[in-house]
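Please open the model in your viewer and keep the sequence panel beside it. The stops below are meant to be taken in order, with a selection to make at each one.

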Amino acid sequence: MELTDVWFVAIAVLWLGYFVLEGFDFGVGMLLPVVARNDAERHAMIETIGPVWDGNEVWLITAGAATFAAFPEWYASLFSAFYLPLLVILVALIVRGVAFEYRGKRDSPTWRRRWDAGIVAGSFVPALLWGVAFANIVRGLRLDSRHEYVGTVGDLLNPYALFGGLTTLALFATHGAVFLALKSAGEISRRAVAVAVRTGVVAAVLAVVFLAWTQLQGGSPATVVLAVLAVVAFASSLVAVGRGRQGWAFLLSAVAIGLTVISLFTVLYPDVLPSTINPAYSLTARNAAATPKTLGLMTWVAVIFLPLVLLYQGWTYWVFRHRIGVG
């Protein structure tokens with residue numbers, strides 16, 4: 001395996017970690033007005049992700065930085081094509097982060113309601129637009145011979161991409177509900193179970209259609225197996241949460257999202273950004289990569305520091321592992 005392949009896999013793993021971890025953050029944020037009945041319950045819901053949400057976003061920053069360093073051509077074409085959607089995502093994440101910090105700064109119901117709305121919107125928008133973005137990456141963009149995007153924002157809002165956005169939206173909502181069922185106590189946990197089952201049925205249908213659509217566009221036997229395993233894991237998660245096995249439910253939900261991400265990156269490879277104008281104009285893991293010296297240096301840095309980061313984040317989750325209730 002060449003270093004270009006190693007870093008393609010590494011970037012896929014970073015996005016996998018981001019969607020699994022930040023996915024339940026988004027889900028909890030979106031479900032704030034659905035599960036909670038009063039301010040105390042909304043505060044308890046926010047506390048379930050309070051110690052970890054900002055750490056989860058490190059995966060996104062690292063994925064972007066790794067793409068910039070390992071595949072500069074991919075980074076340039078991707079960020080120019082998705083300039084407006086990424087700007088909207090960035091603004092939503094900023095609003096969400098500020099809302100988490102400022103919500104409790106004043107003892108005013110109106111003040112807290114407004115920041116709660118920021119948390120809901122700041123969770124909903126990225127959950128939708130990340131699905132739109134990744135569906136477009138798998139489908140391909142209008143890249144010319146210089147690997148420059150010559151399409152419009154309207155081209156990004158094609159049926160497949162919009163369906164991908166709805167799929168991630170439903171998956172993250174369900175993932176967040178399962179996390180709430182595991183991490184909260186009392187009425188919040190019981191309501192979260194009911195929400196997880198209801199949203200999970202919708203998410204399962206959307207995921208089956210989206211994954212099948214993806215396979216028809218460029219799947220292989222390996223990606224079909226991955227997609228089927230993802231659907232089975234997600235269905236098993238819904239069964240587990242309905243039976244009160246929240247730990248298994250959350251693990252299986254995470255596995256389902258992880259397998260979905262792996263399936264999409266496997267469909268994409270060896271391209272990193274296909275061209276819908278001419279396949280010869282596509283960016284691949286080879287022609288988009290940095291120099292071998294750069295990739296080699298990055299590999300050593302990752303080998304040294306990545307285990308330390310994983311140990312620290314794992315320790316954080318262990319320290320804040322207890323259930324949280326209104327009390």
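What follows is a walk through a predicted model, going from helix packing to single residues.

**Stop 1: H1 against H10**

Begin by selecting helix H1, residues 3-30, together with helix H10, residues 159-183. The two helices pack with their axes 7 Å apart and at an angle of about 85°, which makes H1 roughly perpendicular to H10. To see the contact itself, show the side chains on both helices: H1 contributes Phe-19, Val-20, Gly-23, Phe-24, Phe-26, Gly-27, Val-28 and Met-30, while H10 contributes Leu-169, Phe-172, Ala-173, His-175, Gly-176, Phe-179 and Leu-180. If you colour this contact by residue class, you will find 11 nonpolar residues, 4 polar ones and no charged ones.

**Stop 2: an aromatic pair between the two helices**

Keep both helices on screen and select Phe-26 and Phe-172, whose rings form a tilted aromatic pair with 6.1 Å from centre to centre and 45° between the planes. Because Phe-26 belongs to H1 and Phe-172 to H10, this pair ties together parts that are 146 residues apart in sequence. Both Phe-26 and Phe-172 are buried. The pair is found in a structure for which a search of the whole model gives 27 aromatic pairs.

**Stop 3: the aromatic cluster and the core**

Widen the selection to Phe-8, Trp-15, Tyr-18, Phe-19, Phe-26, Phe-71, Trp-74, Trp-130, Phe-134, Phe-172, Phe-265 and Tyr-269, which form one aromatic cluster. Which residues touch the most other members of the largest nonpolar core? In this core of 80 residues, they are Trp-15, Tyr-18, Phe-19, Met-45, Phe-71, Trp-74 and Trp-130. H1 gives the most to the core, with 14 residues. Centre the view on Phe-19, which, setting aside residues up to four places away in sequence, touches Trp-130, Phe-134, Phe-172, Ile-257 and Val-261.

**Stop 4: H3 against H10**

Return to H10 and add helix H3, residues 39-49, where the two axes come within 10 Å and cross at roughly 100°; H3 and H10 are therefore roughly perpendicular to each other. On the H3 side the meeting residues are Met-45, Thr-48 and Ile-49, and on the H10 side they are Phe-179, Leu-180 and Lys-183. By class, this contact has 4 nonpolar residues, 1 polar and 1 charged. While H3 is displayed, pick out His-43, which is found in this helix and is partly exposed, with a relative accessible area of 41%. A distance drawn between the C-alpha atoms of His-43 and Thr-4 should read 45 Å, for residues that are 39 apart in sequence.

**Stop 5: two buried residues in helices**

Select Gly-118 in helix H8, residues 109-139. With a relative accessibility of 11%, Gly-118 counts as buried, and beyond its neighbours within four places in sequence it is in contact with Val-95, Arg-96 and Ala-99. Its C-alpha atom is separated by 9.6 Å from that of Arg-103, which is 15 residues away along the chain. Then move to Thr-260 in helix H13, residues 246-268. Thr-260 also counts as buried, at 14% relative accessibility, and outside its neighbours within four places in sequence it is in contact with Leu-211 and Ala-230.

**Stop 6: the loops**

Go on to the loop between H13 and strand S1 (271-273), where Pro-270 is placed. The peptide bond leading from Tyr-269 to Pro-270 is cis, with omega near 10°.

Next, select His-147 in the loop between H8 and helix H9 (153-156). Its phi is near 65°, a positive value in a residue other than glycine, and at 16% relative accessibility His-147 counts as buried.

Finish at Ala-290, in the loop between strand S2 (283-284) and helix H14 (292-319). Is Ala-290 buried or exposed? At 17% relative accessibility it counts as buried, and, apart from residues up to four places away in sequence, Ala-290 touches Ala-69, Ala-70, Pro-72 and Leu-295. As a last distance, draw a line from its C-alpha atom to that of Val-195, which is 95 residues away in sequence and 46 Å away in space.

Conventions: Residues numbered from 1 in each chain as written. Predicted model: local features only at pLDDT ≥ 70, side-chain atom pairs only at ≥ 80, totals over all residues. Heavy atoms only, no water. Axes fitted to C-alpha atoms, helices over the stretch in contact; angles between N-to-C directions. Helix = DSSP H or I, 4+ residues; strand = E, 2+ residues; numbered from the N terminus. Parallel < 35°, antiparallel > 145°, perpendicular 65-115°, else oblique. Contact = heavy atoms within 4.5 Å. Nonpolar A, V, L, I, M, F, W, Y, C, P; charged D, E, K, R; others polar. Phe/Tyr/Trp six-rings, centres within 6.5 Å; stacked < 30°, edge-to-face > 60°. Buried < 20%, exposed > 50% of the residue type's maximum accessible area, 1.4 Å probe, protein only. Core = buried A, V, L, I, M, F, W, Y, C linked by side-chain atoms within 4.5 Å.
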